[in-house]
Amino acid sequence: MPNLPLIVQSDMSVLLEVMNPLFEEARDALNSFAELQKSPEYMHTYKITPLSLWNAAGSGTTAEMAVDLLRQYAKHEIPAIVVTTILNYGKRYGKIRLVEEEGVLFLDCADADVLAEARSALQAPAGERIRISPAFRGQAKQILLKIGYPVMDLAGYAMAAPFQIPLSSDLDLRWYQKEAAEAFHGGGSVTGGSGVIVLPCGAGKTVVGIAVMEKVNTETLVLTTGITALRQWRDELLDKTRLHPADIGEYSGEIKELKPVTITTYQTLTQRRDKDSPFTHFEIFNRRNWGLIIYDEVHMLPAPVFRVTSEIQSKRRLGLTATLVREDGLETDVFSLIGAKKYDLPWKALEKAGYIAEACCTEVRVALAPEKRYAYAVAEKRNKFRIAAENANKLKVLALLLQKHQDDHILIIGQYIDQIKHISAELNAPLITGATKSAERERLYTAFKNGEIKTIVVSKVANFAIDLPDANVAIEVSGAFGSRQEEAQRLGRILRPKSGDNRAWFYTIVSEDTNEMDFSAKRQMFLTEQGYKYVVDRCELEQQ
């Protein structure tokens, strides 16, 4: 009898034995339809939820397949209630379908009771079918998801302005990039054209977006996290397609261009005079007849953009991200309004294939500076975290790490501006924050790429979309409480493939015996789920 690693419990939780020889196999299987909840040393806890099952179904893992995977790795018989619950929620995926007939949208469902429940939730009039206004398409999907029925949207897309986006002849798409683009496109049918592609940082998500653009061949609007990401998208489009610079517009705080391919930022879209004023630039969604809208780093999508997205469901919508984790709990809105997960690959699978760097993760624990111990003891919880995060003793560890990696390209990343300003001054290293002008950022990034600068200190603006392929060491001195997505993105800054041994080092410096350790454990959860292991190191560094 094989030694199997899973214990499936009747509350829909699953325990996974870390020391079991089948741990990695079972972990990768669970990741396809369950969410990691806790990850202590010897036993990880997963939770099977309706949303995790529906996202799994969107990328091809059915409820029946999920049950079979549990049976394959379960140590004991699976509780009948678990099987029943998984199959019940699995059957709900696509039970209600949104279809279009002669320009009219209808919700169809063969189950009269479910249709009645949907009608009640939507406050729709009686009848055999539920008619939906095109402007209500997104909101209807949100409402029905909340009552436990994810809508399969088969209503298709409005005619859009055609625009050819030919790929460069020398662009060689990797196998998974082709698969991801094809999974999203769905052969051009109504089953494709909306959804999320999940790939690690450094795996070429932008290239996947460009491959989708070539398949759709329509005018395209790209939404990015900031001006640096915007410019990188422009550079990638010019490098990997045969588009002319005049075909690509920048719509930002600095330039307002509308071209067949237009790139803007979430910050620009959410600008307004005050909290009661309308969003000034939302009209960009209607200024051209876009056939595709790309949401880069879709897990960062601001709530106001969700609202406008609910009104443009007749446009094709592609979300790109390294993780579907959102700390604000709006994963359901991503599912309803952008679409289900269409493609996902384990980070470690791409690491083994050499497409991203092998990352060595270390949590370095350091004692709280003596002069701060009393202040920490009497502070409120939130202030305790900041005192621990800004621990002056972290500078000593930082000095040791810089000495150890003196020949490497290093990013020092922090949450608090006063802290990173102090570090920048102590190290005489350039600093990039949200206040740094875009031209100066680009100058520093270029100098880093060219090797003129070996170390840069950065604030949270570096969490996303910085293309620094030579960066092979990241040192996190402070972070945003327990943000799993931030930890994943920061590791992602150093995952682009490296020449030579293709290795990178990620350090997070944590104040020992403080609540920063608890938040750090939560931050690491997503990466733990992907197979990364944090080595805890303190004494060895102090003895160097």
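This report describes two sheets, a helix pair and several loop residues in a predicted model.

## The sheet β1-β2-β4-β3

One open sheet has four strands in the order β1-β2-β4-β3, and the pairing in it is antiparallel. Its edge strands are β1 (6-8) and β3, each of which pairs on one side only. From one strand to the next the twist averages 30°.

The pairs can be followed across the sheet. Strands β1 and β2 are antiparallel and share three bridges; in this pair, I7 has L15 in β2 as its bridge partner. Strand β2 (residues 13-17) is then joined to strand β4 (residues 43-47) by five bridges, again antiparallel. Here L15 has T45 in β4 as its bridge partner. Strand β3 (residues 35-38) is joined to β4 by three bridges and runs antiparallel to β4, with K38 standing opposite T45. Between β3 and β4 there are four residues, and the two strands form a hairpin.

## The sheet β7-β6-β5-β8

Another open sheet of four strands follows the order β7-β6-β5-β8, and its pairing is mixed. Because β7 (130-132) and β8 (151-153) stand at the edges with a single partner strand each, one side of each has no neighbour in the sheet. The twist in this sheet averages 30° from one strand to the next.

Strand β5 (residues 96-101) pairs with strand β6 (residues 104-108) in the antiparallel sense, over five bridges. Within this pair, V99 stands opposite F106 in β6. Two helices are placed against the sheet. Helix α5 (residues 112-122) lies across β5, β6 and β7 and runs at about 40° to β7. Helix α6 (residues 137-146) packs on the sheet and touches β5, β6, β7 and β8, its direction making about 150° with that of β8.

## Helices α16 and α21

Two packed helices are described by the angle between their axes and the distance between the axes. For helix α16 (residues 381-389) and helix α21 (residues 515-523), the axes come within 8 Å and cross at roughly 85°. Angles of 65 to 115 degrees count as roughly perpendicular, so α16 is roughly perpendicular to α21.

On the α16 side, the contact is made by K381, K384, F385, A388 and A389; on the α21 side, by N515, E516 and F519. By type, the residues of this contact are four nonpolar, one polar and three charged.

Which residues of α21 are buried? They are N515, E516, F519, S520 and R523. These residues cover an arc of only 145° around the axis, so they lie on the same side of α21. An α-helix has 3.6 residues a turn, so residues three or four places apart point the same way.

## Loop residues in contact with the helices

T514 is placed in the loop between β21 (503-511) and α21. Buried means under 20% relative accessible area, so T514, at 7% relative accessibility, counts as buried. Leaving aside neighbours within four places in sequence, T514 is in contact with L368, Y376 and A388. A388 is also one of the α16 residues that meet α21.

F481 is placed in the loop between β20 (473-476) and α20 (484-492). With a relative accessible area of 23%, F481 is partly exposed. Not counting residues up to four places away in sequence, F481 touches R382, F385, F519 and R523. Of these, F385 and F519 also take part in the contact of α16 with α21, and R523 is among the buried residues of α21. F481 and D470 are eleven residues apart in sequence, and their C-alpha atoms are 28 Å apart in space.

## Two residues with positive phi

Most residues other than glycine have a negative phi. Where do the exceptions N428 and D513 lie? N428, which is not a glycine, has a positive phi of about 55°. N428 lies in the loop between α18 (417-427) and β18 (431-432) and is exposed, with a relative accessible area of 71%.

D513 is also a residue other than glycine with a positive phi, near 60°. D513 is found in the loop between β21 and α21, the loop that also holds T514. D513 is exposed, with a relative accessible area of 68%, whereas T514 counts as buried.

Technical notes:
Residues are numbered from 1 along each chain as its sequence is written. This is a predicted model: local features need pLDDT of at least 70, side-chain atom pairs count only at pLDDT 80 or more; totals for chains, interfaces and linings use all residues. Side-chain values use heavy atoms; hydrogens and water are left out. Axes are lines fitted to C-alpha atoms, for helices over the stretch in contact, and angles run from 0 to 180 degrees between N-to-C directions. Angles under 35 degrees count as roughly parallel, over 145 as roughly antiparallel, 65 to 115 as roughly perpendicular and the rest as oblique. Contact means heavy atoms within 4.5 Å. Ala, Val, Leu, Ile, Met, Phe, Trp, Tyr, Cys and Pro count as nonpolar, Asp, Glu, Lys and Arg as charged, and the others, Gly among them, as polar. Two strands pair if DSSP finds at least two bridges between them. Buried means under 20% relative accessible area, exposed over 50%, partly exposed in between (1.4 Å probe, protein chains only). The arc is that of the directions from the helix axis to the C-beta atoms.
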